[in-house]
Amino acid sequence: MMSMLFSFIFLIPLSFYVNWWMIMNFMLLVFFYYFISTPFNTYYSLISYSFGGDILSMSLIFLSIWITVLMLMASFNIYKFNNFSNEFIFTCIMLLLFLMLSFSTTNMFLFYLFFESSLIPTLFLIFGWGYQPERLSAGFYLLFYTLFASLPLLIGIFYINSISFTLFYFLISIDLNFFLYLSMILAFLVKMPMIFFHFWLPSAHVEAPISGSMILAGILLKLGGYGLMRVMLFSYNYAILYNYIWMCLSLFGMFLVGFICLSQTDMKSLIAYSSVGHMGLVICGIFTLNTWGLYGSLIMMIAHGLCSSALFCLANISYERVSSRSFYINKGLITFMPSMSLFWFLMSANNMACPPSLNLLGEIMLINSLVGWSSLSMLFLAFSSFLSCCYSIYMYSISQHGSMYSGLKSISSGSVREFFLIFYHWIPLNLIILKTDIFVIWY
């Protein structure tokens, strides 16, 4: 584990001297080397200096590295116009390191430390490379929502240490009460985000640069799911009494978010709200506390990370040419960028869980686990699945069809870099389904 971390720490001094593409290629090389050589074990392995990983950790670590490489690929304009490109690479690598440390630590307090530390580079991305003056308020939203919910978690962790004498996930044994239970899960529910705690997410996404949106949707939301899975290891005896509260809220939230998405006029805002719906399903899956729910949650998190990130890339590709994210101006893109329209279609289809995407497998497992928990949940699941289909079709048809904005007189094809960028999202999203037995042996 430490060798993987050190290979990325080695990149930090290089980021100020070496070419943008060299850094990206080196990260890809490191990714494939460790991806091929890492045993995906059901138990916690590769332990060194209290860092290690099981299938859950390693899946999310590899997803983090992959998304970070694609972030650099998507943000090529920062390099092209020399917009503090070295500082940008440094921020991305620091963010990746904090994420890798969060997913690989076995200590509850260290997890909290790295979980909160990942906020700082994210804020730098939003403040430093965001588009509009509102990015300051969006950054503060993100910071204070997360910190407000995280302080009870920190107090809870200290209390567990004083009672249980250990913070190692698998050794903690404690009798919970309602306040401790609430303090342990609230930070993760806000980070996911759960409906009614989600107000920071659309503003952060809309104001963030493409790299910020990709890492927010791709990885940072998954920190909440990962934390919940780890906390449930020692709190399931008590959690089973109260989990229904959050599940009912999330089921209602998924239904509500479908209508919110259909009323959006901003491309990024629609994709951000769809994330809230997908994460609601993941929350329900984790809180059912059955194996189908946990398998489905992991698969859904990976699928959503790739799919949502790709949709933000597509929105940004349009934004770079049209200088607007509004659906009123982004119309008829099929005549403006015909080749890119195929990728819009593929990603919209994946977003509504069409076969053979990972989203479909995740949704099938999660729906199974939820219907097993309560057959009444079928009502909300049916409506939310239908609405997710509706807003994906709405996003595709509004942006691709209709009369083109008169300010766009020319035709514009995507560059090779942009096609590769979307392709690198699409390939794992549709081919991992051939090897999903990895994800269903970890728990």
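This report describes a pocket, an annotated region and a surface patch in a predicted model.

The largest pocket in the model has a volume of about 470 Å³. Its lining is made up of 19 residues, and those that lie closest to the centre of the pocket are Phe31, Phe35, Phe62, Pro428 and Ile432. Four helices, set out in the table below, each give two or more residues to this lining.

| Helix | Residues |
|---|---|
| α3 | 20–37 |
| α4 | 55–74 |
| α14 | 291–322 |
| α19 | 416–431 |

Among the elements that contribute to the lining of the largest pocket, α4 gives the most, with 5 residues. When the lining residues are sorted by chemical character, 17 count as nonpolar, while 1 is polar and 1 is charged.

A second topic is the region named in a database record. According to an unreviewed UniProt entry, the annotation "domain: NADH:quinone oxidoreductase/Mrp antiporter transmembrane" covers residues 106–388. Over residues 106–388 the chain is 80% helix and 0% strand, and the C-alpha atoms at the two ends of this stretch are 36 Å apart.

The last topic is the surface. A nonpolar patch is formed there by Tyr141, Phe196, Phe199, Phe252, Leu379, Phe380 and Phe383, which together have about 670 Å² of accessible area. Helix α18, which spans residues 377–400, supplies the largest share of the nonpolar patch, namely 3 residues. Phe196, another member of the patch, is placed in the loop between α10 (178–191) and α11 (200–207).

Terms used: Residues are numbered from 1 along each chain as its sequence is written. This is a predicted model: local features need pLDDT of at least 70, side-chain atom pairs count only at pLDDT 80 or more; totals for chains, interfaces and linings use all residues. Side-chain values use heavy atoms; hydrogens and water are left out. On a 1 Å grid over the protein atoms alone, a cavity is a set of points where a 1.4 Å probe fits but cannot get out, and a pocket is an open set with protein on both sides within 12 Å along at least five of seven lines; lining residues have an atom within 4 Å of a point. Grid points are joined across faces, edges and corners, and a volume is the space filled by probe spheres set on the points. Ala, Val, Leu, Ile, Met, Phe, Trp, Tyr, Cys and Pro count as nonpolar, Asp, Glu, Lys and Arg as charged, and the others, Gly among them, as polar. UniProt positions are given in the numbering used here, feature names are shortened, and annotations may be inferred rather than shown by experiment. Patches are made of residues with over 30% relative accessible area and no salt bridge: like charges are joined within 9 Å, nonpolar side chains (Val, Leu, Ile, Met, Phe, Trp, Tyr) within 5 Å. Accessible areas come from the Shrake-Rupley method with a 1.4 Å probe; for residues, only the protein chains shown count as cover. A salt bridge is a side-chain nitrogen of Lys or Arg within 4 Å of a carboxyl oxygen of Asp or Glu.
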